[in-house]
Amino acid sequence: MSQETKALFIIFGATGDLAHRKLYPALFRLYQKGYLQETFAVVGTARREWSNDYYQEVVLDSIAKMNGSEEEKESFSSHFRYQSHNVKDTEHYHTLRKLADQLDEEYGLEGNRIFYLSMSPSFFGTITSHLKEQSLVTERGFSRVVIEKPFGTDFDSSKELNDEINASFDEDQLYRIDHYLGKEMVQNILALRFSNRLIENSWNKESISNIQITLSEKLGVEERGEYYDKSGALRDMVQNHVLQVVSLLTMNKPEVFDTDTIRQEKMAVLEALKKPVVSFDEKTDFVRGQYAQSTDGKVKAYREEDKVNTETTTETFVAGQIAIHNDTWEGVPLYIRTGKRLAEKTTRVDVVFKETDSSLFNDQPSVLTIHINPEEGFELTVNNKQVGPGMNLEPITLSGLRSDEETEKSPEAYEKLILDVLQGDETHFAHWGEVATSWKYVDQIRKVWDCNTESIPFYPALSMGPEESDQLLAQNGHEWVYKG
Ligand code: NAD
């Protein structure tokens, strides 16, 4: 059995979508694996008046389809309590503290507390200051705060939010979730890069022509139209997930494999990003788009979605080229694209190597593809001599893709990240420095786009984005490896 950590979880926003879809199932998997056993308890809080029994039913419902006996599920859910709570009401924190102290005693939790803020960020400052002032933070054990995205809407608002939270908690108590950092294959990027001399030695401008990152979703905005229309793809995906993946792909080798050193290396590369050129003509590093109806008319346009302004110019697609100013990456474009209602749901990285510099063969660039989701693993496409006479080439693909069974078994991002919080490992969370630098980068693009809210390029739903995205690469003589 795994080592158990004693802790009380207090979940703010316990009646919400994220708690139901992700948090309870993740906690159950940790329970099944023995990371949580007897010495843990969960207090769910939200405005609604729920009883403990009803709350436990809700928790059982969220794990109903998972493997495990009824008895196991019942005993897991018996650790859950519900407290109706308005986060703005000071009195409620007194009641919450009494319940927390009582559970601490009952389960022998030694004062360890994890406050999970699964609510709108507009409440983060209010909650954290009350937690401190109403003494929910204990002197005895650890107190950690888990924060969901979005962390601000630009640099200024994220700094304000950070200052508010920092008034009550130190940076080393904060765990800012970027669920991409919990994905198995995102974590594998560093292993792949730094444990294979073959890859390590060619991971630079001498050997690599360009790197392409695709985070595409097939779904539209679903019920999140109201939030999304204010956010757009640049804020929702690029500032956090995309730039985190960029930093892992391009950071220098850390001297030691610890949180601080990895963070320093990630920061160094984020700080080396060149100022993007953004305009509405051909000389631009970033282009945007919005989905229109699909060509067969079966899928509706973004402007027809619920709670979306009918004349909105919010982008549902972004493609860009990112340039890094350092010795390793000078001149190597990192192409990124992300969007909704694209042809397929996929997260992948295609590393395109340079052609050989001899004229012996008519060779094609080798490509290393890192499949992050839904497939996991990697593929390497190289040139190979065709069987038979002559020296003609054909590409072959060496596959390191995991089987469906292995992929199924790989822990879900939230499970891994919550375990990290329990164990106090901050490596796979977004540090303030990274968040701030990423916002500053993205703000430069936003500033230009916000000057033109009259028009936006459209793309048919279920395509791979507007043609401007292909042109972006074509101007450098490149093309997207993944065509959807
Ligand atoms: P949700 O709207 O479904 O739930 C919000 C929760 O906050 C509810 O439990 C509600 O009762 C509670 N709440 C609202 N006002 C309150 C108040 N004044 N006092 C007490 N409780 C109050 O939201 P969600 O989808 O669960 O998302 C939660 C957080 O996670 C948000 O920050 C969101 O951006 C982030 N997030 C969600 C997802 C997702 O898939 N749902 C993904 C990534 C990030």
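Which residue in β12 is the bridge partner of T347? Keep that one in mind, everyone, and I'll come back to it once we reach the strands. Thanks for having me. One thing to say at the start: what you see above is a predicted model.

Let's begin with the overall layout. The chain is divided into two parts: domain 1 covers residues 7–148, and domain 2 is made of 181–412 together with 438–474. Between the C-alpha centres of domain 1 and domain 2 there are 36 Å.

Now, the ligand. There are 19 residues around it, and those that come nearest are T15, D17, L18, R21 and M119. Which helix gives the largest share of that shell? That is helix α1, residues 17–32, which supplies 3 residues. And what kinds of residues make up the shell? They divide into 8 nonpolar, 6 polar and 5 charged.

Let me zoom in on some atoms. In the side chain of R21, an N or O atom sits 2.4 Å from an oxygen atom of the ligand. The side chain of D17 has an N or O atom 2.7 Å from a ligand nitrogen. For N86, the distance from a side-chain N or O atom to a nitrogen of the ligand is 3.3 Å. How much of the ligand does the protein cover? On its own, the ligand has 830 Å² of accessible area, and the protein covers 77% of that.

Let's move on to the strands, with β11 as our starting point. Strand β11 runs over residues 346–353, and 8 of its 8 residues are buried. Here is a handy piece of background for anyone new to this: in a regular strand, side chains alternate between the two faces of the sheet. So you can ask about each face of β11 separately: which residues are on each side? On one side we have T346, R348, D350 and V352, on the other T347, V349, V351 and F353, and all of these are buried.

One residue of β11 deserves a closer look, and that is D350. Is D350 buried or exposed? Buried means under 20% relative accessible area, and D350 has 0%, so it counts as buried. The side chain of D350 also has a partner: a polar contact of 2.7 Å joins it to the side chain of T369.

Next, the neighbours of β11. Strand β7, residues 208–216, is joined to β11 by 8 bridges, and the two run antiparallel. You can trace that pairing residue by residue: S216 has T346 as its bridge partner, and I208 stands opposite F353. Strand β7 is mostly covered too, with 9 of its 9 residues buried.

Strand β7 also pairs with strand β10, residues 334–339, over 6 bridges, and here the sense is parallel. For an example from that pairing, take I213, whose bridge partner in β10 is I336.

Now back to β11 and its pairing with strand β12, residues 367–373. These two run antiparallel, with 6 bridges joining them. And here is the reply to my opening question: the bridge partner of T347 is N373. Elsewhere in this pairing, V352 stands opposite V367. As for cover, 6 of the 7 residues in β12 are buried.

From β12 we can step across to strand β13, residues 377–385. The pair is antiparallel, over 5 bridges. One of the matched pairs is I370 with F378 in β13. How many residues sit between β12 and β13 in their hairpin? The hairpin has 3 residues between the two strands.

Last stop: Q471, which you'll find in helix α14, residues 467–474. Is Q471 buried, exposed or partly exposed? Over 50% would make a residue exposed and under 20% would make it buried; Q471 has a relative accessible area of 44%, so it is partly exposed. Now look for E282 in the structure as well. Q471 and E282 are 189 residues apart along the chain, yet their C-alpha atoms are separated by 8.5 Å.

That's my tour, from the ligand to the strands and on to helix α14. Thanks for listening, and please do ask away!

Technical notes:
Residues numbered from 1 in each chain as written. Predicted model: local features only at pLDDT ≥ 70, side-chain atom pairs only at ≥ 80, totals over all residues. Heavy atoms only, no water. Near = heavy atom within 4 Å. Polar contact = N/O pair within 3.5 Å; in protein donor to acceptor, adjacent residues only side chain to side chain. Areas by Shrake-Rupley, 256 points an atom, 1.4 Å probe, with all protein chains shown as cover. Helix = DSSP H or I, 4+ residues; strand = E, 2+ residues; numbered from the N terminus. Nonpolar A, V, L, I, M, F, W, Y, C, P; charged D, E, K, R; others polar. Buried < 20%, exposed > 50% of the residue type's maximum accessible area, 1.4 Å probe, protein only. Pairing = 2+ DSSP bridges. Domains from an automatic or database assignment.
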